[in-house]
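Biologist: Before we discuss details, please put the model on screen.

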Amino acid sequence: MFGLIVIALLVYMFRSVWTKLTSRPLPKLIENAYWGPGNPPENPDTTIREFKINFPGTHLVDLKYRLENVRPLVPPLEGIQQQYGMNTDLLKKVIAFWIKEYNWKERETYLNQYPQFKTKIQGLDIHYLHVKPKNPGNKKVVPLLIIHGWPGSVVEFYKVIPLFTDPQNDRNFVFEVIAPNIPGYGFSQAAAKPGLGAAQMATIFRNFMNRLGYDKFYCQGGDFGAIILQYLCLYYPESVLGYHTNMAILGTASRLKTILGVIRPSWIVKPEHHNRVYPLWQHFQSTMRETGYLHLQATKPDTLGVGVTDSPAGLAAYILEKFTSGTNITWQKREDGGLDEKFTYTELLDNVMIYWLTGTATTSFRLYSETFNRSHGFLNSLGNPIEVPTAIARFKYDFYVADGVVRDVFKNLVQLNDFDGGHFAAWEEPRVFAKDVFDAVEKFEKIDKKRQ
Ligand SMILES: *[C@@H]1O[C@H](CO)[C@@H](O)[C@H](O)[C@H]1NC(C)=O
């Protein structure tokens, strides 16, 4: 009898500890919170305005001056490539290219090739691309909300957009793409008040889609776009027809299971992916090495922001480092960082220029502080189950979610595919990426028919 009581007590204790560790309440949302400066206006502006990028020449004169007057860069250590961060010999090449060959006025024309708009949501002007298929014919046109992350921008989607909006023979639908910049990024206005994290942004983007006339839509996201959209799936499942992501987030329960998986990895991960998860210690060390920026941005973004908002060379080093290690971690051992394997210097500088010209490095960092905090359960609130039909594309050099735990969160996983490539998948591998999204939505559409 006594033994039974002890066992019952132990089971009870284990359950309450497990529950405490693994389930976090979602952050509380105020549906129409006002994030703009001062007090909310009495008659909020709900118009949609056309927008074109057009910077006055003074910005460019100032930039040229700063680039030509960069203080001597500290040379890399002997025998070191990118292991200590951006290699300054490589940075010199980028700066020389920036001064001599990069032509902003030409790039402005390139960036203005898609229709752009701005509209105010909850006090913030949101900038976005809205690209409709030119000749949809008899194909069904479905809305796709696609959100970038850090240190990216809508520039990441310029190559994949035409693939989404051109009708294909073997598909009976085609996309109209809505690609906003996150508030505080590029041409989207930053919050003036504290507290605008990824969960709160989910509300902004739901309200934004409603403003554009869409109650239901498909979503795609990577990096912070994925974090925002995963919250959107949790708070507003009725709005999301289907979710495609190249960065899925799991919760503490899955992490604890992964640790237990040390005993028998095949519980968690298929044999050919064993080295994507184990040995745990190695992966932990590598994560520590690569995420220092995250800790800084999540705690003191304003201090960090001063230097990179004042120095284009500093900003380029800070951003481009991510485009070497994030694209292929093994390229840390290359002098050229593999920077132009998947992108051109021009494309990479387009993205840097968006941060530079708009002066948004600091406000982009703040998203980390507003999300990696107690109210968001340090992201563990994303471990809550998601019922929205989901497709996950796992790229080889990006964060990995194992087969054995992915369904802890994604209860309705309809597609899980593996690809070569890195963190900026849409930009690196537009064809592969577009096909995977089309495949996913084809499946989502069938589920939708069954539901009706
Ligand atoms: C990553 O780099 C390694 C060598 O450094 C190469 O073998 C591999 O093909 C690269 N992967 C991709 C997807 O580019």
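The turns below go through the ligand site, a helix pair and some backbone features.

Biologist: What kind of model is this, and which residues surround the ligand?
Modeller: This is a predicted model. A residue counts as near the ligand if one of its heavy atoms lies within 4 Å of it. The ligand is surrounded by Asn 328, Thr 330, Trp 331, Tyr 397, Asp 420 and Gly 421.

Biologist: How do the residues of that shell divide by class?
Modeller: Trp and Tyr count as nonpolar and Asp as charged, while Gly is placed among the polar residues. The shell therefore divides into two nonpolar, three polar and one charged.

Biologist: What is the distance from an oxygen atom of the ligand to the side chain of Asn 328?
Modeller: A polar contact requires N or O atoms within 3.5 Å. For Thr 330, a side-chain N or O atom is 2.8 Å from a ligand oxygen, and for Trp 331 a polar side-chain atom lies 3.3 Å from one. For an N or O atom in the side chain of Asn 328, the distance is 2.4 Å.

Biologist: How much of the ligand's accessible area does the protein cover?
Modeller: On its own, the ligand has 360 Å² of accessible area. The share of this covered by the protein is 54%.

Biologist: At what angle do helix H2 and helix H3 pack?
Modeller: Two packed helices are described by the angle between their axes and the distance between the axes. H2 spans residues 57-68 and H3 residues 88-100, with the axes 10 Å apart. H2 passes H3 in a left-handed crossing. The packing angle is about 145°.

Biologist: Which residues of H3 meet H2?
Modeller: By class, the contact has five nonpolar, no polar and one charged residues. H2 contributes Leu 63, Leu 67 and Glu 68. The residues they meet in H3 are Ile 95, Trp 98 and Ile 99.

Biologist: Where is Pro 151 found, and what is omega for the peptide bond from Trp 150?
Modeller: Most peptide bonds are trans. Pro 151 is found in the loop between strand E4 and helix H5. The bond from Trp 150 to Pro 151 is cis, with omega near -5°.

Biologist: Which residue other than glycine has a phi near 50°?
Modeller: Most residues other than glycine have a negative phi. The residue with this positive value lies in the loop between helix H16 and strand E8. It is Phe 378.

Note on methods. Residues numbered from 1 in each chain as written. Predicted model: local features only at pLDDT ≥ 70, side-chain atom pairs only at ≥ 80, totals over all residues. Heavy atoms only, no water. Polar contact = N/O pair within 3.5 Å; in protein donor to acceptor, adjacent residues only side chain to side chain. Areas by Shrake-Rupley, 256 points an atom, 1.4 Å probe, with all protein chains shown as cover. Axes fitted to C-alpha atoms, helices over the stretch in contact; angles between N-to-C directions. Helix = DSSP H or I, 4+ residues; strand = E, 2+ residues; numbered from the N terminus. Left-handed = near helix turned anticlockwise from the far one by under 90°. Contact = heavy atoms within 4.5 Å.
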